[in-house]
Amino acid sequence: MKWVTIQVELIYSLVIMVCLGVFFVYAGKKVALADPTVKPKGIVLVVETGVKAIDDYMKSIMPKKFAKNYYPYFAMVFCYILVSNLSSLIGFESPTSNYSITFAMTFITFILIQYNALKKKGFFKYVWDTVWPPTNILSVLSPLISISMRLFGNILSGSILMTLIYQFTAWISFHVINFNFLGPIIAPVFHCYFDIFAGCIQTLVFVTLSSILIMMENEDDE
């Protein structure tokens with residue numbers, strides 16, 4: 001009998017999605033009830049600032065015609081990946097350190113890229129451009145592999161390096177006292193880079209590359 005193994009990253013991913021869902025419902029009600037004539041504050045200010053920042057960033061990459069269909073999608077992807085990348089700071093196994101999760105997100109981007117290519121070229125030209133010359137098949141599939149591996153590899157490598165840092169500081173500390181006293185002193189500096197800085201950068205990279213690849217399939221229509 002084969003047993004089904006539920007990876008811990010999938011559990012954390014579900015927890016993050018539920019938390020984000022609850023937050024967005026709560027924030028949405030707060031924004032809906034807010035007085036537009038009064039200067040926003042608290043959660044309303046945080047939400048409006050975040051939405052505007054993401055909207056302005058997407059406008060710098062994708063034309064306005066993409067706003068209705070793609071801006072909300074990439075805003076949600078941005079929030080999910082960012083929270084997932086930063087979740088290791090509170091003891092979670094970052095969901096984005098699991099390739100099945102990064103592959104699933106990239107697969108959605110891949111489908112959107114192919115959908116836009118099919119819509120622009122038409123069925124027969126799309127199929128012909130995909131299969132001939134045969135090397136084109138590799139160029140079609142390359143975003144699926146490169147984007148998913150980029151996010152997965154960077155987050156996983158950061159997680160491995162932080163584990164090694166804690167093990168190294170524990171090894172040194174235990175030569176003095178039976179407690180890893182160096183870990184809380186040294187590790188926060190590396191957390192700032194591997195979790196916060198790298199996590200934010202990889203979120204931007206994923207959203208930027210995905211949106212550019214989708215937009216490129218429509219650039220001739222501009």
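A residue is called buried when its relative accessible area is under 20%, exposed when that area is over 50%, and partly exposed in between. The exercises below concern a predicted model.

**Exercise 1.** Determine what share of the protein chain is buried, and describe its helices and strands.

*Solution.* Step 1: the chain has 222 residues, and buried ones make up 34% of them. Step 2: the chain contains seven helices and zero strands. Step 3: along the sequence this gives the pattern α-α-α-α-α-α-α.

**Exercise 2.** Identify the residues with the most contacts inside the largest nonpolar core, and state which helices supply this core.

*Solution.* Step 1: the largest nonpolar core comprises 26 residues, and Met62 and Ile214 have the most contacts inside it. Step 2: at least two residues of this core come from each of H1 (8–33), H2 (42–59), H3 (67–86), H4 (99–121), H6 and H7 (183–216). Step 3: H3 gives the most, with eight residues. Step 4: beyond its neighbours within four places in sequence, Met62 is in contact with Tyr70, Tyr71, Phe74, Ser211, Ile214 and Met215.

**Exercise 3.** Locate the nonpolar patch on the surface, and classify Ile137 as buried, partly exposed or exposed.

*Solution.* Step 1: the patch consists of Leu118, Phe123, Phe124, Val127, Trp128, Val131, Trp132, Ile137 and Leu141, together offering about 920 Å² of accessible area. Step 2: H5 (123–131) and H6 (136–173) each supply at least two of the patch residues, and the largest share, five residues, comes from H5. Step 3: Ile137 lies in H6. Step 4: Ile137 has a relative accessible area of 36%, which lies between 20% and 50%; therefore Ile137 is partly exposed.

Methods: Residues are numbered from 1 along each chain as its sequence is written. This is a predicted model: local features need pLDDT of at least 70, side-chain atom pairs count only at pLDDT 80 or more; totals for chains, interfaces and linings use all residues. Side-chain values use heavy atoms; hydrogens and water are left out. Patches are made of residues with over 30% relative accessible area and no salt bridge: like charges are joined within 9 Å, nonpolar side chains (Val, Leu, Ile, Met, Phe, Trp, Tyr) within 5 Å. Accessible areas come from the Shrake-Rupley method with a 1.4 Å probe; for residues, only the protein chains shown count as cover. A salt bridge is a side-chain nitrogen of Lys or Arg within 4 Å of a carboxyl oxygen of Asp or Glu. Helices (H or I, at least four residues) and strands (E, at least two) are DSSP runs, numbered from the N terminus. Buried means under 20% relative accessible area, exposed over 50%, partly exposed in between (1.4 Å probe, protein chains only). A nonpolar core is a set of buried Ala, Val, Leu, Ile, Met, Phe, Trp, Tyr and Cys residues joined through side-chain atoms within 4.5 Å. Contact means heavy atoms within 4.5 Å.
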